[in-house]
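Ready for a few short exercises? Have a go at each task before you read the solution below it.

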Amino acid sequence: MKRKGALIVISGFSGAGKGTLVKRIVNECDNLSLSISMTTRSPREGEVNGREYFFVTKEEFEAAIKEDALIEHANYVGNYYGTPKKYVEEQLNEGKDVILEIEIQGALQIKEKFNDAVLVFVTPPSAEILRNRLVSRGTETIEVINNRMKRAYEESDFIEKYDYLLINDDLDICVDRMKNLIDAFHHAPSCNEEFTKQFKEDLKAFK
Ligand code: 5GP
C-alpha cells in the first residue's frame with residue numbers, strides 16, 4: 001500500500017559535519033532522494049552545476065520566486081538559496097523520502113508549509129569542538145572562523161524550533177540515529193493514511 005514519503009530537513013552550524021552526514025544517509029538509504037538547491041553563489045572548485053547546486057543568476061532566481069517555483073528560499077551571506085518545488089513534490093508523491101540540507105530561515109518556512117516535515121539540527125558536542133573543527137579544516141582565515149562562530153551564536157536561538165537535535169560526536173552513531181528518526185516517521189499515522197482508511201473501512205463489516 002502506498003506510503004507517504006518523509007520530508008526531512010537538516011540544518012546545523014557550519015562545521016557541524018552535516019554535509020558528510022547527508023552524503024552517508026543518501027548512500028545508505030534506498031528510498032531517499034536528495035533535493036538539489038538553486039543558488040546565486042558561484043561554484044567552488046570541483047562543484048558541478050546540477051550536482052551540488054543549480055547555479056543561476058540573480059535574475060533567474062528572482063524569476064523562479066515570481067513563478068512560485070521554490071518551496072522556500074532565503075538570503076544567506078549575500079546570496080540566494082532555494083529549494084525547487086517540482087522535484088520535491090514529485091518524489092514525495094511517489095512515496096520517496098526527500099532530504100533537504102538548508103539553513104534555518106528556509107527550514108522554518110518548510111515547517112509552516114509541511115507541518116509533518118521532520119526538522120533535524122546537527123551540532124558538534126561543544127562550542128570548543130566546533131571552533132577546533134573550523135580551524136583544522138585549514139580552509140578559512142581566523143576572521144572568517146570568528147564570523148562563523150558569531151553566526152553560530154545567533155543561530156543557536158533557533159535550535160528549539162527543530163524537532164530533533166543530533167549531536168555529532170561520532171559519525172557512525174549519528175548516521176544510525178538519523179536512520180532511526182526516518183524510520184520512526186514511517187510509523188506515524190499521517191504517513192500511513194491509506195492503510196488507516198482501508199482498515200477502518202474493513203472494520204465496518206464487523207460492526
Ligand atoms: P554553502 O554556500 O556553504 O554551500 O551553503 C550555505 C548555507 O546555505 C548552508 O547552511 C546550506 O545548508 C544552506 N542552503 C543550501 N541550499 C539551500 C536552500 O535551498 N535553501 C536554504 N534556505 N538554504 C540552503
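Leu7 is a good place to begin: this residue sits in strand E1. Keep in mind as you work that the model is predicted.

**Exercise 1.** Decide whether Leu7 is buried or exposed, and find what it touches beyond its neighbours within four places in sequence.

*Solution.* Start with the cut-off: a residue is called buried when its relative accessible area is under 20%. Leu7 has 3% relative accessibility, so it counts as buried. Next, look for its partners. Beyond the neighbours within four places in sequence, Leu7 is in contact with Val88, Leu92, Val98, Leu100, Ile110, Phe114, Ala117 and Val118. Finally, compare with a residue far along the chain: Glu194 is 187 residues apart from Leu7, and their C-alpha atoms are separated by 18 Å.

**Exercise 2.** Work out the strand order of the sheet that contains E1, and name its edge strands.

*Solution.* Walk across the open sheet and you meet five strands, in the order E2-E7-E1-E8-E9, with parallel pairing. At the edges are E2 (32-34) and E9 (164-167), each of which pairs on one side only. From one strand to the next, the twist averages 25°. Now zoom in on one pair: E2 and E7 (residues 97-101) are joined in the parallel sense by three bridges, and Leu32 stands opposite Asp97 of E7.

**Exercise 3.** Find which strands helices H4 and H7 lie across.

*Solution.* Take H4 (residues 104-113) first: this helix lies across E1 (7-12), E7 and E8 (118-123), at about 155° to E1. Then turn to H7 (residues 171-185), which lies across E1, E7, E8 and E9 and runs at about 160° to E9.

**Exercise 4.** Is Thr123 buried or exposed, and which residues does it contact beyond its neighbours within four places in sequence?

*Solution.* First place the residue: Thr123 belongs to strand E8. Its relative accessibility is 12%, so Thr123 counts as buried. Its contacts, leaving aside neighbours within four places in sequence, are Phe13, Ala16, Leu165, Leu166, Ile167 and Asn168.

**Exercise 5.** Describe how the protein surrounds the ligand.

*Solution.* Begin with the 15 residues around the ligand: Ser37, Arg41, Tyr53, Tyr81 and Glu103 come nearest. Then check the polar atoms. An N or O atom in the side chain of Tyr53 is 2.6 Å from a ligand oxygen; for the side chain of Arg44, the distance is 2.9 Å. Gly82 takes part through a backbone N or O atom, 3.0 Å from an oxygen atom of the ligand. To finish, consider coverage: on its own the ligand has 510 Å² of accessible area, and the protein covers 89% of it.

How values were computed:
Residues are numbered from 1 along each chain as its sequence is written. This is a predicted model: local features need pLDDT of at least 70, side-chain atom pairs count only at pLDDT 80 or more; totals for chains, interfaces and linings use all residues. Side-chain values use heavy atoms; hydrogens and water are left out. Two strands pair if DSSP finds at least two bridges between them. Helices (H or I, at least four residues) and strands (E, at least two) are DSSP runs, numbered from the N terminus. Axes are lines fitted to C-alpha atoms, for helices over the stretch in contact, and angles run from 0 to 180 degrees between N-to-C directions. Contact means heavy atoms within 4.5 Å. A residue is near a molecule or strand if one of its heavy atoms lies within 4 Å of it. A polar contact is a pair of N or O atoms within 3.5 Å; within protein, one must be able to donate a hydrogen and the other to accept it, and residues adjacent in sequence count only if both atoms are side-chain atoms. Accessible areas come from the Shrake-Rupley method with a 1.4 Å probe; for residues, only the protein chains shown count as cover. Buried means under 20% relative accessible area, exposed over 50%, partly exposed in between (1.4 Å probe, protein chains only).
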